[in-house]
There are 2 protein chains.
Amino acid sequence: MLYLIGLGLGDHTDITVKGLKIIKQAKRVYLESYTSIYCDDSIDELEKFYERPVIAADREFVEQNSDQILANADIDDIAFLVVGDPLGATTHTDLILRARDKGIEHRIIHNASIINACGCCGLQLYNFGEVISIPLWTDQWRPTSFLDKIEANINHGLHTLCLLDIKVKEQSIEAMMRGRQEYLPPTFMTVNVAARQLLESIEEKSKQQTTKLTADTICVALARIGSDKQKIIKGTLQQMINVDMGPPLHSLIIVGRPLHHIENEMLTLYTMKQQ
Amino acid sequence: MLYLIGLGLGDHTDITVKGLKIIKQAKRVYLESYTSIYCDDSIDELEKFYERPVIAADREFVEQNSDQILANADIDDIAFLVVGDPLGATTHTDLILRARDKGIEHRIIHNASIINACGCCGLQLYNFGEVISIPLWTDQWRPTSFLDKIEANINHGLHTLCLLDIKVKEQSIEAMMRGRQEYLPPTFMTVNVAARQLLESIEEKSKQQTTKLTADTICVALARIGSDKQKIIKGTLQQMINVDMGPPLHSLIIVGRPLHHIENEMLTLYTMKQQ
């Protein structure tokens with residue numbers, strides 16, 4: 001059996017009792033290490049807690065070695081660990097389908113993901129529209145399609161959860177051209193960078209038409225949700241340029257409708273406590 | 001400290017290691033019993049697993065006895081357990097704000113909720129729009145506002161997760177009029193009833209205009225997600241009238257865009273295995 005096990009968001013104790021039991025009994029344990037990271041723990045800490053060796057599996061490894069991951073999984077139990085919920089990221093359905101092709105069953109052990117945990121700031125999950133991803137711009141590549149999606153949500157009075165880009169084990173263009181296996185240091189987009197990209201996108205779009213999203217739109221910055229060191233700050237998009245949210249991971253919510261007084265009270269609570 | 005602890009979706013072992021530790025050390029443990037239910041476990045089983053007494057807290061209890069729940073929570077740890085994620089339902093922000101008014105801190109221990117776990121069917125969470133709730137119609141009360149929201153999602157090529165009504169400890173109109181504390185048996189809306197209400201809403205609306213949602217729209221029925229006995233079935237809205245999903249809880253996804261071939265393959269996988 002292939003078990004895809006969600007680790008939740010904060011630290012090693014955010015795994016479920018069910019998930020931990022499976023890890024302790026599994027033949028091999030892999031940790032997916034390219035769609036997210038744990039806030040507070042390294043792989044060594046996980047190994048110590050599980051009392052098991054854990055094999056780090058980056059994107060290259062999973063794509064090129066799925067046979068190795070799935071070897072004997074028809075007889076043995078294999079645990080594939082994912083920070084958050086296993087199917088929050090789209091990438092892991094591929095592993096499930098490869099397992100299916102080999103006649104291997106799979107089971108998902110769910111956990112919290114930022115998609116539901118972001119409700120902790122007090123905004124109602126029922127009032128969220130489509131989730132968007134904001135990619136890190138380069139000098140040559142500055143897509144702005146996320147702006148249209150945020151504006152469609154605002155048009156329907158819906159908040160937008162923006163997931164911010166994570167770059168782990170990416171090659172530089174130079175290394176790629178030379179065919180070298182050299183990697184850039186990991187990059188996690190901050191709320192500040194996301195806000196800057198959004199403001200520049202607005203500036204660009206507003207040359208053609210008025211935008212619903214403006215520098216004054218209320219936003220909520222989230223950092224390290226689920227961890228002891230989580231931080232939540234409410235402010236305008238403009239203010240998000242300078243807010244200090246600390247270490248990764250960051251996310252940003254664009255508020256899409258007038259805040260209900262309970263939402264407002266909840267946000268005040270967090271802001272005051274954690275600033 | 002007031003701890004709001006998510007229990008996840010399947011059974012008692014879906015609690016996190018962090019959540020379980022807090023329960024074992026808390027002064028009092030309450031189980032919120034009106035926004036959702038565990039698929040596989042009764043309160044007795046929870047008490048046995050936690051080795052602690054658990055106080056069932058229905059809506060009336062929470063609304064009328066928040067002082068009792070929060071008593072001494074500035075000194076003692078109080079655990080308030082919620083199936084799924086604590087802030088999936090909107091009702092619990094009120095308890096947090098009452099705690100704040102008494103100078104009591106709170107902490108949320110996240111877990112899976114149907115809002116992220118529904119991704120297990122293979123549909124990408126990034127392609128979902130606003131979540132909707134379908135209320136159980138009565139003879140006199142037949143709201144159809146959910147249809148407009150589904151159609152807005154379809155217009156944007158987004159899937160819709162429909163949460164189906166749960167009625168726990170509701171009074172009959174007769175009992176209410178007589179001022180009696182008598183309650184109706186719990187009701188959990190099935191996928192069949194949801195599909196019937198949707199088809200009747202379409203019929204009504206299509207007298208005025210053509211609808212995007214039709215009897216042929218592809219849907220995914222979900223039951224007992226996260227439990228050993230989960231069931232996922234793909235079919236048209238019309239077919240959902242007769243599908244047998246078994247015991248609660250049920251949810252329904254309205255597919256809002258042509259399925260990606262990986263989504264389609266994933267759905268085929270589930271359908272074939274579990275029918």
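Between domain 1 of chain A and domain 2 of chain A, the count of salt bridges is zero, and the count of residue pairs in polar contact, with both residues at pLDDT 80 or more, is zero as well. This is a predicted model, and the values below are computed from it. Across the interface of chain A and chain B, by contrast, the count is eight salt bridges, and the points that follow take up the domains, the chains and some local features in turn.

**The two domains of chain A**

- The domain assignment divides chain A into domain 1, which covers residues 2–112, and domain 2, which covers residues 115–274.
- When the centres of domain 1 and domain 2 of chain A are taken over C-alpha atoms, they are separated by 27 Å.
- Although no salt bridge is counted between these two domains of chain A, they are in contact, with 13 residues of domain 1 meeting 16 residues of domain 2.
- The size of an interface is often given as the accessible area lost when the parts come together.
- For domain 1 and domain 2 of chain A that buried area is about 1100 Å², and 57% of it lies on carbon and sulfur atoms.

**Where chain A meets chain B**

- Chain A and chain B each bring 52 residues to their contact, and the two chains bury about 4700 Å² between them, with 59% of this area on carbon and sulfur atoms.
- The rule for polar contacts finds 15 residue pairs across the interface of chain A and chain B, counting pairs in which both residues have pLDDT 80 or more.
- On the side of chain A that touches chain B, the elements giving two or more residues are helix H1 (17–25), helix H5 (93–101), strand S5 (106–109), helix H6 (114–117) and helix H10 (261–274).
- Of the elements on that side of chain A, H10(A) gives the most, with six residues.

**Salt bridges**

- Side chains of opposite charge can pair when their charged atoms come close.
- A search of the whole structure, taken over all chains, finds 28 salt bridges, while the count between chain A and chain B is eight.
- One salt bridge is formed by A:Glu265 and B:Arg100, whose closest N and O atoms are 2.4 Å apart.
- Another salt bridge brings together the side chains of B:Asp11 and A:Lys18, at 3.6 Å from N to O.
- Because B:Asp11 lies in the loop between strand S1 (2–6) and helix H1 (17–25) of chain B, whereas A:Lys18 lies in helix H1 of chain A, this pair joins two chains.

**Backbone features**

- Most residues other than glycine have a negative phi, and most peptide bonds are trans.
- A:Glu51, a residue other than glycine, has a positive phi near 55 degrees, and A:Glu51 is placed in the loop that runs between helix H2 (43–50) and strand S3 (55–57) of chain A.
- In chain A, the peptide bond that joins A:Pro248 and A:Leu249 is cis, with omega about -5 degrees, and A:Leu249 belongs to the loop between strand S11 (231–236) and strand S12 (250–254).
- In chain B, the peptide bond from B:Pro248 to B:Leu249 is cis, with omega near -5 degrees, and B:Leu249 is found in the loop between strand S11 (231–236) and strand S12 (250–254) of that chain.

**A nonpolar patch on the surface**

- A:Ile173, A:Met176 and A:Met177 make a nonpolar surface patch of about 380 Å², and one of these residues, A:Met176, lies in helix H8 of chain A, which covers residues 173–177.

How values were computed: Residues numbered from 1 in each chain as written. Chains lettered and ligands numbered in written order. Predicted model: local features only at pLDDT ≥ 70, side-chain atom pairs only at ≥ 80, totals over all residues. Heavy atoms only, no water. Patch = residues over 30% accessible without salt bridge, like charges linked within 9 Å, V, L, I, M, F, W, Y side chains within 5 Å. Areas by Shrake-Rupley, 256 points an atom, 1.4 Å probe, with all protein chains shown as cover. Salt bridge = Lys/Arg side-chain N within 4 Å of Asp/Glu carboxyl O. Helix = DSSP H or I, 4+ residues; strand = E, 2+ residues; numbered from the N terminus. Domains from an automatic or database assignment. Contact = heavy atoms within 4.5 Å. Buried area = accessible area lost by both parts, 1.4 Å probe. Polar contact = N/O pair within 3.5 Å; in protein donor to acceptor, adjacent residues only side chain to side chain.
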